[in-house]
Each structure stands twice: as C-alpha cells, then as structure tokens.
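This briefing goes through selected helices, one sheet and the cysteines of the structure shown below. The points are grouped by topic.

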Amino acid sequence: LGLALCAGSLCVVRGATFLYHDYCVIGAGPAGLQVAYFFQQAGRDYIVFERSHAPGSFFALYPRHRKLISINKQYTGKSNSEFNLRHDWNSLLSHDRRLLFRHYSRDFFPNADTMVRYLEDFASLLKLQVQYNTAIIHVTLEKNEQAWNGHYFLLTDQDRKNYKCSCLLVAAGTWVPNVVNFPGSEYVEGYETVSINPEDFTGQTVLILGRGNSAFETAENILGVTNFIHMVSRSRVRLSWATHYVGDLRAINNGLLDTYQLKSLDGLLEGDLEDLAIVKDKKGKLHITLRFYLENRNISADMDSITLPQDELDNFATRAPYDRVIRCLGWKFDFSIYNRSLRMMPGKGNIKKYPQIKPSYESRGTRGLFVLGTASHSVDFRKSAGGFIHGFRYTTRAVHHLLENRHHGVPWPSTVYRITQLTNSIIKRVNEASGLYQMFSVLADIILLRDNATTFEYLEEYPIGVLAELEMQTGRKARNGLFVIIMEYGRNFSGADKDVFYYNRAVGEAQHAWQSNFLHPVIYYYKHLPTEREMRLRHPDWPLPRPDAIHHIVEDFLTDWTAPNAHILPLRRFLENCLSTDLRNFFAESCFLFAFTHEKLPPSCQQGYVRMQGLVGGQELRHHAVQAGLLQDYTHTDFSDDRPPDSHDGSQEQLMRDHGIPVHPLQHLVNAKDE
C-alpha cells in the first residue's frame, strides 16, 4: 500500500495522482514571493499556490482605507543601497534594481493599490513559479523514510487536485478576522465589510471595538462627520513611538487621541469585550450594557424590561445609544486546512493567533514545515519587525539559508578575513546592514574565530534564537570562540507607559554606552558556543545568555557609528582585550622596530610587513604620521657619536634602504649598537 510510482514530477500513491515538487509554498503574498525568489536563484524545484488570480490578494482589500503605514523614504542622503533599505519598508529583496518600491510611489505612506501592482511586477519580471486560482483546502502527511524529513506533505486544492512535496512553507499570512461573540454581537459590523464612505456616517454616533491601527484608521476616516466616536478595548493604547514596535498605534492614525484629550467629545474606554452586550431599541439605536444584566433575560425581550447600567449608575460612560458598532480586532491564522497529523497548534496568550514555531521558523510539531511572513511573528511579537515586510524579507532569507544547508549541503554564506580586519568589518556592518537594523534583537551577525584567532569567518543575519544549533544549521564550525553582533534598544526605554521624550534621554559619552537608550550595536563575546541549556535558561528579557564579555557602541543621533574616539577606539580596545592581541595597523618602519623590541609582532606586521605586503611609505605619508604622533621623527636625530665610518648621511628612510628594508628583518640583522 505504501508503494509509490513516480515519473518525473508525477507520483501515483494508492491510486491517486500527485504532482510532486521539492518545495511547496502556500500563499503568494510578500513572504511567499520572497522565498520563491530565493528558490529561483538557487535553481530549486518549487511551486507557489495562490488562491486568488494575482499575488498580494490581502492588499487588494486591506487596509480598507488604502493607506499603508509602511514608510517609503525616497531620500536618505546616502547612495548605499543596503543602508537605504533601512528606510524602505516595502521593497522585497532581489538583484533587480527596477523592483525597488521607490520606483512605484513617491508617497511616504503609499497606497495599497500600489503594493498590489508592485507584487504583480515582482512575480512576473522575475518569472516566479506561481500557480494562481489554486486554494489549498487540505494538508496532511504521508510517512516515508526516504523523504527528506521522514514524511511527505500531501496537499489538495479546491478542484480536488493533489500535490506532494518534501518541504512545506506556509506564507498565507493572518487573514481570518478576529470575532468576539457576546449577546447582541449580530448588530456589529466588521472592519472587512463596513462602508469606507464618510458620508454614510454623517451625524451618527459610533462605537469602535478594538484599539489597533485598523480601529484608529477607521476612526480617522469618519472623525470629521460623526457626532462622536467612542473606542473600547481590554488594553490601553500603545503608541509605537513609546514601544518602538511598528505594529502599535502609528502617528498617522492617532487623530482620535487629540480629540479625546482636547475635550472634543470623542473618547477611549478600557474593558473586556466579552463582558459586553448590545441591545437594540425600536428606533434602531444600539445600547451598551453588560452581559450579567442579561443572564436571566431574553435579549429579544422588550427594551423597557431590560436593566441597563445607567439605571443603577446614572453617569455610566456608554449610556448614550449608538447608531453603529464596528469591530476592528485584527486577524488570525487559518488553522482549518491542516490535518491533525501536522500538529499545527496555536500559540498561547497574546500569540494565540499565530501557529507555534521554533526560533528557526520551523513548526514545533512537524519537521520540514516552515511558517514565513506575518504568520511567523510569534518569534518576535511586540519585539521586532518580523510581522512586516521590512522584517520578514530578512527572516525569509535566513530560512532559505537553513534549507540550503539542510537539504543541499550548501553552508551558510560566509567570508573569511584576516584578524586585522575585525574592527573594520564590524563598523561597516553596523553602519549599513539593513537586516540587523530592522530585525534588532532577532537576527545577528556571527564572527567565528579561526586559526588561533589569526583569521575570522563572518556570517550575516543569523537567527539568534537558534545560536546553540549554529554548527548544525549553518555547516560552519565554532571551535575557537565567537562574537555576536546585534542591535538593541535600552532595556528600560520601551513600553506603553514610558516617556520617551524626557530630558537627557540620550547618552553621548562612550564610557556610558551601556546606558544607551536608542537603537545601538551590542557585541557579545563567547569563548565557547552557548549550549541549548544556556539559551533556555537565559533571562527572559535578554536576547542572549550571559557572555564572557560584552560591549555597547554608544548610541548616535545620526545612527552613524564612525566617530574615531566615541565609536571605533572603544570597540577596538574591547576586541583586543577579548583576543589578547593588538589590532592596530602599523607602518613598515614600526614593524621593523617591533621585530627588535618585542617577542611577538602584532598581527598586522605578521600578515603584512613580514610577508612583504602593505602600503609603501613616502615623504608625505611619513610627515603625516609624524605629525599625528604615529611615528618618531628620525630625520633630525644626531647619529655622529656612534655612527660607523661607512654609514650614510640622510634620512631614516635612506638608512632603512641601506639595510635592505623591507625584507624580513632577521635576514639583515646588524650590530645593535649601530641600530
């Protein structure tokens, strides 16, 4: 019964025909197209299933009022494309410069229709393998020891066509509206269907359930035509500038806060929505009451026979009747299509709308099942940008690297440098890398020390949640210690109740860098790769376990960490202390002198001067070095007292040439008295 007959991409299993691909992707939204691009570039066998006739179907409807809250910054003053992605929250990653979002819109907050057009071009110009009008309605497993992960994924679409793949990537997003059921909830209109014409709300009184951007977006649209708007939710308002989380309320939508605090009738309330009840009177007005008032009554009973809160408390906040009640509670993941064999379980607490996944974005229940895009946001919910394009474009790339290593033996991309380039490599990355910047505290650059710390291997944007599995997940070895570079906000700077505009909020001196509040680079040093136990037992507010040493690069108002004294010098000294070596670069003359005065030459001399490599000095360069105090000025030194008879007059440079410099100094030893 388990016998499968396969010819090319067609498989016959138990009489059913399956179209086979190595990788199946559900959903052609931004995350699905992004991973498809990486598969395409790597030459892998994949297919993307999209239920609609075009990619990005979510954006064809949402946001309802069509203005995105992802910024599209046209100008940064920089020409570095990697740096500019820090302020481009809409573009997907590709080699095609035409597919930068700034070529599609000049609006700082673009229209959602532009995003739909952009995604269509991304799929078509890159010739991605997307199968449209294909809604996957059921997914199950088939055990098979020869499969990559010990099983195949079997998918069925709306036309009962069957598909089979070795690895499944779910990029379908969260699109099922959150609904709260309470007595009278049938009178509530949903965000997904409510009118977006402000004239339909003229002179009306409106209650909005919810307190996210969709709720405030809806309020902003009708703010000028309603009698008043009330908004109720179980949690207090969270402002994105205070929490530093882009999913919280953005300034573009917060007009209702002005009218509330400036006493213009609108207002915000806190309460559990499940405790509410709505009663409709004969005039069609909606009255807000509490569930326990209706426990022993029929909600369809006469309005006059129902007790309302204002009957006992005459200043009850929502005693005025409403014309409309609108539900704006966001969305959740669709678990309905997954068979129990996949063990796709919802998270707990405030991440129950997402499936349970590991920090590697692989399902906790099924090996080979990965969740990408918005649905993967449980890894960094309310911490970083993993639920948004400018975040998950990088986590998707990380997942692709993991798959390339696991299934195709392609190690995580890396570059090997001499140890003398360590400081420069870190400074370059923290000043331009967009993945580190957007996915702060989630993705990190890893520096693996090699060859007794004379060289190092640089890995970019690795998920730090699986740091203990680095060797297995990347195919790289970490035997001689490592540095981990991440970006962090200050520990006590973010929160709904934080005042982020207080005086002296910024730190400017390097010795107080550990107190930096704004986003800044942090370097962790480990003599050994942290274990899974250390990762599991780390402090819940710490991104990583306790390191052997740690260094904060002081925050910078311009996010430009290139100041020689404030940024580079403290970093270099930290690295030197960790490695017990001198990371400075020296002129040939200094290396020559070190050869006679030190037991061990600095790495720059060993890897440069001794190998007859490095910059050739000249009079102008020498003069500059003397003026800067980097070299001693020998040109005016009087050697007459102990100069041998056959010595030459002239500069120290001529003296060194007479002794055959640059050649290995030990091959041209001269009398120490003469030198």
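**Cysteines and the disulfide**

Cys-591 has a relative accessibility of 1%, so it counts as buried, the limit for that class being under 20%. The model is predicted, and a search of the whole of it finds 1 disulfide.

- The disulfide is formed by Cys-591 and Cys-605, with 2.0 Å between their sulfur atoms.
- The angle about the S-S bond is -80°, which makes the link of Cys-591 and Cys-605 left-handed.
- Because Cys-591 lies in helix 15 (residues 588-597) and Cys-605 in helix 16 (residues 603-609), the pair ties together parts that are 14 residues apart in sequence.
- Cys-605 counts as buried because its relative accessibility is 0%.
- Cys-24 has a relative accessibility of 0% and therefore counts as buried.
- Cys-328 is buried, its relative accessible area being 2%.

**Helix 1**

- Of the 13 residues of helix 1, 10 are buried, so this helix is largely enclosed by the rest of the structure.
- The buried residues are Pro-30, Ala-31, Gly-32, Leu-33, Gln-34, Val-35, Ala-36, Tyr-37, Phe-38 and Phe-39.
- At 1.5 Å a residue, helix 1 should span 18 Å, and the 19 Å between its end C-alpha atoms agrees with this.
- Gly-43, just after helix 1, takes a positive phi of about 75°.

**Helix 4**

- Helix 4 covers residues 112-125, and its 14 residues should span 20 Å at 1.5 Å a residue. Its end C-alpha atoms are 20 Å apart, in agreement with that value.
- At the start of helix 4, a side-chain oxygen of Asn-111 comes to within 2.8 Å of the backbone nitrogen of Asp-113.
- Buried positions in helix 4 are Ala-112, Thr-114, Met-115, Val-116, Tyr-118, Leu-119, Phe-122 and Ala-123.
- An α-helix has 3.6 residues a turn, so residues three or four places apart point the same way.
- Among the elements that cover the buried residues of helix 4 are helix 1 (30-42), helix 2 (57-61) and helix 9 (389-408).
- Lys-127, just after helix 4, takes a positive phi of about 55°.

**The six-stranded sheet**

- An open sheet is built from 6 strands in the order 19-21-20-22-23-24, with antiparallel pairing.
- Strand 19 (414-418) and strand 24 (549-552) stand at the edges with a single partner strand each, so one side of each has no neighbour in the sheet.
- From one strand to the next, the twist averages 20°.
- Strands of a sheet pair through backbone hydrogen bonds, either parallel or antiparallel.
- Strand 20 (residues 443-450) and strand 22 (residues 482-488) run antiparallel and are joined by 4 bridges.
- Ile-447 stands opposite Phe-483 of strand 22.

**Helices across the sheet**

- Helix 9 lies across strand 20 and strand 21 (455-463), and runs at about 120° to strand 21. Helix 9 is also among the elements that cover the buried residues of helix 4.
- Helix 14 (residues 564-579) lies across strand 20, strand 22, strand 23 (520-526) and strand 24. The angle of helix 14 to strand 24 is about 175°.

Terms used: Residues numbered from 1 in each chain as written. Predicted model: local features only at pLDDT ≥ 70, side-chain atom pairs only at ≥ 80, totals over all residues. Heavy atoms only, no water. Helix = DSSP H or I, 4+ residues; strand = E, 2+ residues; numbered from the N terminus. Expected span 1.5 Å × (residues − 1). Buried < 20%, exposed > 50% of the residue type's maximum accessible area, 1.4 Å probe, protein only. Contact = heavy atoms within 4.5 Å. Polar contact = N/O pair within 3.5 Å; in protein donor to acceptor, adjacent residues only side chain to side chain. Pairing = 2+ DSSP bridges. Axes fitted to C-alpha atoms, helices over the stretch in contact; angles between N-to-C directions. Disulfide = S-S within 2.5 Å.
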